[in-house]
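Biologist: Before we discuss any details, could you put the chain and its coordinates in front of us? I would like to go through the fold and some of its side-chain contacts by question and answer.

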Amino acid sequence: GTIRIWDSKTGAAIGNPLHGHKGGVLSVAISPDESQIASGSTDCTVRIWDVKTGVTIGNPLDGHTSPVRSVAFSPDGQQVVSGSDDKTIRVWNAKAGNLIGNPLLGHSDYVLSVSFSSNGQYIVSGSTDRTVRIWDTKNWTQIMKLDGHTSSVTSVKFSLDNERIISGSWDRTIRIWNAKTGELIGNPLQGHNDYVNSVAFSPDG
C-alpha cells in the first residue's frame, strides 16, 4: 500500500509515493503542525512518516492483531490513536513510538473510527457493534456508551468546542449527541439512501 501527497492547488503529486506498508492503507492523518503523517493498514501496523523526506520515523507501531481502520493525531501532535478490527483502541507516543497505557477495551466488534477532542482530554470511537463510545485520556477508561444507531458506526467527530459529537452510520442516518450527557440532540438526520461513511463539523460548529 502507498500514500501520496498532493498539491491542493495544482493537483500535482508532491514527491514520490510513500512505500512501507505491506498491505492496503485504510486511514491517514496529518499532524497539527503538518510535519508528520500517520497511517493505518491491513498489515496491522501504524506508521509515522516525515512529510518533508517521505521516510518513516522509527519502526512500525506494532500491537494490533487485525487491520487498522482509523488513525488520528492528538491536538498537540504528541499522540496517535488507532482503531482496529481487533476491537481495540490504542494510543501511541508519536515521537517515541511506544504504546501509552493498555489497549482500550469495550467495543465488541471492529473499531471503524477514532478521533480526539480538540482539548485532547477525550477520544471518541465508532464501531460495527453499533455504538459510539467516549474515553477519558487521563486514565484511559471508557466514560460513556452512546446507543441509538441500528448498524455500524463508520465515522465520529467532536465539535470544535467539544460540546457535541457527530456520528454517521450504515443505518443511513447522522446523529448529533451531547458529549457531556450522552443524550441525542434532536432527531437523527435522515436523507441519505445508502450508507453514511464520513461526517465532519464545520469550523464554526
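What follows is an exchange of questions and answers on the overall fold, the sheets and the salt bridges.

Modeller: This is a predicted model, in which local features need pLDDT of at least 70 and side-chain atom pairs count only at pLDDT 80 or more, while totals for chains, interfaces and linings use all residues. Residues are numbered from 1 along each chain as its sequence is written, and side-chain values use heavy atoms, with hydrogens and water left out.

Biologist: How many helices and how many strands are there in the protein chain?

Modeller: Both kinds of element are DSSP runs numbered from the N terminus, helices being H or I over at least four residues and strands being E over at least two. By that criterion the protein chain has 0 helices and 16 strands.

Biologist: What radius of gyration does the protein chain have, and what would a compact globule have?

Modeller: The radius is taken over C-alpha atoms, and the globule rule is 2.2 Å times the number of residues to the power 0.38. The C-alpha trace spans about 45 × 40 × 30 Å along its principal axes. For 205 residues a compact globule would have a radius near 17 Å, and the protein chain agrees with this, at 17 Å.

Biologist: What percentage of the residues of the protein chain count as buried?

Modeller: Buried means under 20% relative accessible area, exposed means over 50%, and partly exposed lies in between (1.4 Å probe, protein chains only). The accessible surface of the protein chain, from the Shrake-Rupley method with a 1.4 Å probe, comes to about 10,100 Å², and 47% of that belongs to carbon and sulfur atoms. Of the 205 residues, the share that counts as buried is 46%.

Biologist: In the open sheet with the order 3-4-5, which strands stand at the edges?

Modeller: Pairing here requires that DSSP finds at least two bridges between two strands, and the 3 strands of this open sheet pair in antiparallel fashion. Strand 4 (residues 36-41) is joined by 5 bridges to strand 5, and 5 bridges also join strand 3 to strand 4. Each edge strand has a single partner strand, so one side of each is left without a neighbour in the sheet, and these edges are strand 3 (25-30) and strand 5 (46-50).

Biologist: Which residue takes a positive phi in the hairpin of strand 3 and strand 4?

Modeller: Within this pair of strands, Val28 has Ser39 in strand 4 as its bridge partner. The hairpin has 5 residues between the strands, and the positive phi, near 65°, belongs to Glu34.

Biologist: In the open sheet with the order 9-10-11-12, what is the bridge partner of Asp136 in strand 12?

Modeller: This sheet has 4 strands with antiparallel pairing, and its edge strands, strand 9 and strand 12 (141-146), each pair on one side only. Strand 11 (residues 132-136) and strand 12 run antiparallel and are joined by 5 bridges. Across these two strands, Asp136 has as its bridge partner Thr141.

Biologist: How far apart are the C-alpha atoms of Asn102 and Thr141?

Modeller: Asn102 is found in the loop between strand 8 (89-93) and strand 9 (111-116), and its relative accessible area of 63% means that Asn102 is exposed. Although Asn102 and Thr141 are 39 residues apart along the chain, their C-alpha atoms are separated by 9.9 Å.

Biologist: Are Arg133 and Asp129, which meet in a salt bridge, buried or exposed?

Modeller: A salt bridge is a side-chain nitrogen of Lys or Arg within 4 Å of a carboxyl oxygen of Asp or Glu, and the whole structure holds 4 of them. In the one between Arg133 and Asp129, the N to O distance is 3.4 Å. Both Arg133 and Asp129 are buried.

Biologist: With which residue does Asp147 form a salt bridge?

Modeller: Asp147 counts as partly exposed, at 47% relative accessibility. Its partner is partly exposed too, with a relative accessible area of 39%. The closest N and O atoms of the pair are 2.9 Å apart, and the partner is Lys145.

Biologist: How many residues apart are Glu163 and Lys180?

Modeller: Glu163 forms a salt bridge with Lys180, with the closest N and O atoms 3.2 Å apart. The pair links distant parts of the chain, Glu163 lying in the loop between strand 13 (153-158) and strand 14 (164-169) and Lys180 in the loop between strand 15 (173-178) and strand 16 (189-190), at a separation of 17 residues.
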